[in-house]
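User: Please take a close look at one part of this model, the packing of the helices in its middle, and place that part in the setting of the whole chain. I would like one connected account rather than a list.

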Amino acid sequence: MTPDAYLADCRARLAFDLLSNTWNAVVLWALRDVPLRPVELRDRIGGISSKVLNETLRRLQFNGLIDRRPRPGASPPHVAYALTPLGRTLLPAIDLIGAWAFEHGDEVMAAQEKAGGEGVSAP
């Protein structure tokens, strides 16, 4: 693969698109250990509305990264969401990005403050 492959290869763009959505990576990470119901996901994540969570769950399911599973024996019926094997393959990348953010987050915020102080706004 050449360095310019990321510019033209729609598969690379697909991966970047999947990880660029704020909530995709957060929901995948929240599901890393155990299947969860939507209310459990919302509680674990915090700061996400029911509408946005539902949209994110549908998007991740559409892309084959999570499964929607009925929970047997629950009345009324409940569903839980779990990572698929494909979804699990993204966990190392999410972990790496999270580690990068932990290490360099202060630098990025300082750059944003500096840019904001000079009258430049975020795109």
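Analyst: Among the contacts in the protein chain with a separation of 6 or more, 45% are accounted for by residues 24 or more positions apart. The model is a predicted one, and of the 123 residues of its protein chain, 24% count as buried. The secondary structure comes to seven helices and two strands, and along the sequence these elements follow the pattern α-α-α-α-α-β-β-α-α.

The part in question is made by helix 3, helix 4 and helix 5, and it is convenient to take these helices pair by pair. Helix 3, which covers residues 22-30, packs with helix 5, residues 50-62, at an angle of about 80 degrees, and the axes of the two are 10 Å apart. An angle from 65 to 115 degrees counts as roughly perpendicular, and helix 3 and helix 5 are therefore roughly perpendicular to each other. On the side of helix 3, the residues that meet helix 5 are Trp23, Asn24, Val27 and Leu28, while helix 5 brings Val52, Leu53, Thr56, Leu57, Arg59 and Leu60 to the contact. Sorted by class, this contact of helix 3 with helix 5 has seven nonpolar, two polar and one charged residues.

Threonine 56, whose place is in helix 5, deserves a closer look within this contact. With a relative accessible area of 0%, threonine 56 is buried, the cut-off for that class being under 20%. Leaving aside residues up to four places away in sequence, threonine 56 touches Trp23, Asn24 and Val27, and these three residues are among those with which helix 3 meets helix 5.

Helix 4, residues 38-45, also packs with helix 5, here at an angle of about 110 degrees and with the axes 11 Å apart. That angle makes helix 4 roughly perpendicular to helix 5, and the crossing of helix 4 and helix 5 is right-handed. The contact is made by Pro38, Leu41 and Arg42 from helix 4 and by Ser50, Leu53 and Leu57 from helix 5. The residues of this contact of helix 4 with helix 5 divide into four nonpolar, one polar and one charged. Leu53 and Leu57 of helix 5 take part here, and both also belong to the contact of helix 5 with helix 3.

The remaining pair is helix 3 and helix 4, which pack at an angle of about 105 degrees, with their axes 10 Å apart. Helix 3 is thereby roughly perpendicular to helix 4. Trp23, Val26, Val27 and Ala30 of helix 3 make this contact with Leu41, Arg44 and Ile45 of helix 4. By class, the contact of helix 3 with helix 4 has six nonpolar, no polar and one charged residues. Trp23 and Val27 serve in this contact and likewise in the contact of helix 3 with helix 5, and Leu41, listed here for helix 4, appears again where helix 4 meets helix 5.

Helix 3 is also touched from further along the chain, by a residue of helix 7. Isoleucine 94 is found in helix 7, residues 91-117, and with a relative accessible area of 10% isoleucine 94 is buried. Its C-alpha atom and that of alanine 25 are separated by 6.5 Å, although the two residues are 69 residues apart along the chain. Not counting residues up to four places away in sequence, isoleucine 94 touches Leu19, Ala25, Leu28 and Trp29; Leu28 is also one of the residues of helix 3 that meet helix 5.

After helix 5 the chain turns to its strands. Strand 1, residues 66-71, and strand 2, residues 78-83, pair in the antiparallel sense over six bridges. Arginine 68 stands opposite tyrosine 81, and arginine 71 stands opposite histidine 78. The two strands form a hairpin with six residues between them, and glycine 73 in the turn has a positive phi of about 85 degrees. Five of the six residues of strand 2 are buried, so strand 2 is largely enclosed by the rest of the structure. In the loop between strand 2 and helix 6 lies threonine 84, which counts as buried at 7% relative accessibility. Residues up to four places away in sequence again not counted, threonine 84 touches Gly64, Leu65, Ile66 and Asp67.

Definitions and conventions: Residues are numbered from 1 along each chain as its sequence is written. This is a predicted model: local features need pLDDT of at least 70, side-chain atom pairs count only at pLDDT 80 or more; totals for chains, interfaces and linings use all residues. Side-chain values use heavy atoms; hydrogens and water are left out. Axes are lines fitted to C-alpha atoms, for helices over the stretch in contact, and angles run from 0 to 180 degrees between N-to-C directions. Helices (H or I, at least four residues) and strands (E, at least two) are DSSP runs, numbered from the N terminus. Angles under 35 degrees count as roughly parallel, over 145 as roughly antiparallel, 65 to 115 as roughly perpendicular and the rest as oblique. Contact means heavy atoms within 4.5 Å. Ala, Val, Leu, Ile, Met, Phe, Trp, Tyr, Cys and Pro count as nonpolar, Asp, Glu, Lys and Arg as charged, and the others, Gly among them, as polar. A crossing is left-handed if the near helix is turned anticlockwise from the far one by less than a right angle, and right-handed if clockwise. Two strands pair if DSSP finds at least two bridges between them. Buried means under 20% relative accessible area, exposed over 50%, partly exposed in between (1.4 Å probe, protein chains only).
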